[in-house]
Amino acid sequence: MQTIYETTITHIGDFAREALEDRMLITFREGAPADIQDYCFIHQHSVTDGELHRGACMELANVRYPVTAVGEVAMQNLRELGHITLRFDGCEQAEFPGSVHVKGMTPQDVPLGSVLKFID
């Protein structure tokens, strides 16, 4: 298995966990504007190695989720901004261009220090 992207959550915005109630998790790299940080899981930005695609896996805090859809600008956003909107709904078509959809139960919480990976 090849790791496409791997990062560690270093800060959790005041309202970031609220998105989990809507089956979403929003990430952004360290150094994001303050108004955006409040709604995101902030992480150490990393380089990508390969392309994220349907059939890959996302691993979050040692739980694996199959990737079911990738929006057309999701990979570019991840590379440039460390920004991605994960949807835990298993949809087979991306709802928005920056969305990545995965199949599985939405985490109840994502603790500080959790590792987020995309694996091919």
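A salt bridge is a side-chain nitrogen of Lys or Arg sitting within 4 Å of a carboxyl oxygen of Asp or Glu. The structure shown above is a predicted model, and a search through the whole of it turns up 5 such bridges. One of them joins Glu51 to Arg79, with the closest N and O atoms 2.1 Å apart. Glu51 belongs to the loop between strand E3 (41–43) and strand E4 (57–60), while Arg79 belongs to helix H2 (residues 74–81), so this pair ties together parts that are 28 residues apart in sequence. Neither end is tucked away: Glu51 is partly exposed, at 45% relative accessibility, and Arg79 is partly exposed too, at 35%.

Two further bridges are worth a look. Arg64 pairs with Glu59, and here the closest N and O atoms are 2.9 Å apart. Arg64 is partly exposed, with a relative accessible area of 43%, whereas Glu59 is buried, at 11%. Arg87 and Glu95 also meet through their side chains, at 2.8 Å from N to O. In this pair the arginine is the buried partner: Arg87 has a relative accessible area of 15%, while Glu95 is partly exposed at 45%. As for the general idea behind such pairs, side chains of opposite charge can pair when their charged atoms come close.

Back to helix H2, this time for its buried residues. Ala74, Met75, Asn77 and Leu78 are buried in H2. They cover an arc of only 165 degrees around the axis, which puts them on the same side of H2. The general geometry of a helix helps here: an α-helix has 3.6 residues a turn, so residues three or four places apart point the same way. The buried residues of H2 pack against quite a list of strands, namely E1, E5 (63–70), E6 (84–87), E7 (99–102) and E8 (115–119). After H2 comes Gly82, whose phi is positive, near 65 degrees.

Next, the nonpolar interior. The largest nonpolar core has 25 residues, and those touching the most other members are Leu25, Phe41, Leu52, Met58, Leu86, Val100 and Phe118. At least two residues of this core come from each of E1, E4, E5, H2, E6, E7 and E8. The top contributor is E1, which gives 4 residues. Phe118 shows how busy one side chain's surroundings can get: leaving out residues up to four places away in sequence, Phe118 touches Gln2, Thr3, Ile4, Tyr5, Leu52, Cys57, Met58, Leu78, Ile84, Leu86 and Val100.

Apart from that core lies another one, of 5 residues, with Ile26, Phe28, Cys40 and Ile42 among them. Cys40 is found in the loop between helix H1 (34–37) and E3. Is this loop residue buried or exposed? Cys40 is buried, with a relative accessible area of 3%. Setting aside neighbours within four places in sequence, Cys40 is in contact with His11, Ile12, Gly13, Ala16, Ile26, Thr27 and Phe28. Tyr65, by comparison, is 25 residues from Cys40 in sequence and 20 Å from it in space, C-alpha to C-alpha.

Last comes Thr7, which sits in strand E1 (residues 3–12). Thr7 is buried, with a relative accessible area of 4%. Beyond its neighbours within four places in sequence, Thr7 is in contact with His43, Gln44 and His45, and also with Ser114, Val115 and Leu116.

Conventions. Residues are numbered from 1 along each chain as its sequence is written. This is a predicted model: local features need pLDDT of at least 70, side-chain atom pairs count only at pLDDT 80 or more; totals for chains, interfaces and linings use all residues. Side-chain values use heavy atoms; hydrogens and water are left out. Buried means under 20% relative accessible area, exposed over 50%, partly exposed in between (1.4 Å probe, protein chains only). Contact means heavy atoms within 4.5 Å. The arc is that of the directions from the helix axis to the C-beta atoms. A nonpolar core is a set of buried Ala, Val, Leu, Ile, Met, Phe, Trp, Tyr and Cys residues joined through side-chain atoms within 4.5 Å.
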